[in-house]
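Open the model in your viewer and have the selection tool ready. The tour below goes stop by stop, saying what to select and what is found there.

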Amino acid sequence: MTLNNYLAEAISRPYDAGEWDCALFVAGWVDHLSGANRLGHFRGNYREKDEGLRKFGPLRRRVSHELELLGFVAHEIPEEGDVALIRGDMVGLVSKVGEALAVTTILENTLRGGFITLPNDYAKGFYRWEV
């Protein structure tokens, strides 16, 4: 499955904390690339964003740790398909790189996910599957 196919399939699903949110959206892509089952590990273990953050710790730290355990490599310069750690306890997938950074994520308090364009310095790190 390509990134575009994953985005097209995933973007129409409604936000639902603990079932389909930014972390689980990214976990699905991570599972696809790595063969892991992070979706199964996290899905259904919280019902609100704050509950998930209390249970699993600060999102950036937890996602970084999980990705490193799976063999993802931290990078400073983004490429399409990278996991992006975003300010404000959010994560997403890099969908376009240029003067601004296009990140796709599942946005809280919306019925659907969406593409958001961010200044490149808004993301706090990128992880890439290189295996």
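Select strand S2, residues 83-86, together with S6: the two pair in the antiparallel sense over four bridges. To see one of these positions, pick Ile86, whose bridge partner in S6 is Ala123.

Keep S6 selected, and show residues 123-128 in full. Are they mostly covered or not? Five of the six residues of S6 are buried, and the strand is mostly covered.

Now add strand S1, residues 73-75. S1 and S6 run antiparallel and are joined by three bridges. Select His75 and look across to S6, where Phe126 stands opposite.

Before moving on, colour the chain by pLDDT, as this is a predicted model. The average over the chain is 87, and 95% of the residues score at least 70. Which element has the lowest mean pLDDT? That is strand S5, residues 114-119, with a mean of 72, while S1 has the highest among the elements of the chain, 97.

Next, leave the strands and select helix H2 (residues 22-34) and helix H5 (residues 59-70). Their axes come within 12 Å and cross at roughly 10 degrees. An angle under 35 degrees counts as roughly parallel, so H2 is roughly parallel to H5.

Show the side chains where these helices meet. From H2, select Cys22, Ala23, Val30 and Ser34; from H5, select Leu59, Leu67 and Leu70, which they meet. This contact of H2 with H5 consists of six nonpolar residues and one polar residue, with no charged ones.

Notes. Residues numbered from 1 in each chain as written. Predicted model: local features only at pLDDT ≥ 70, side-chain atom pairs only at ≥ 80, totals over all residues. Heavy atoms only, no water. pLDDT = per-residue confidence, 0-100. Axes fitted to C-alpha atoms, helices over the stretch in contact; angles between N-to-C directions. Parallel < 35°, antiparallel > 145°, perpendicular 65-115°, else oblique. Contact = heavy atoms within 4.5 Å. Nonpolar A, V, L, I, M, F, W, Y, C, P; charged D, E, K, R; others polar. Buried < 20%, exposed > 50% of the residue type's maximum accessible area, 1.4 Å probe, protein only. Pairing = 2+ DSSP bridges.
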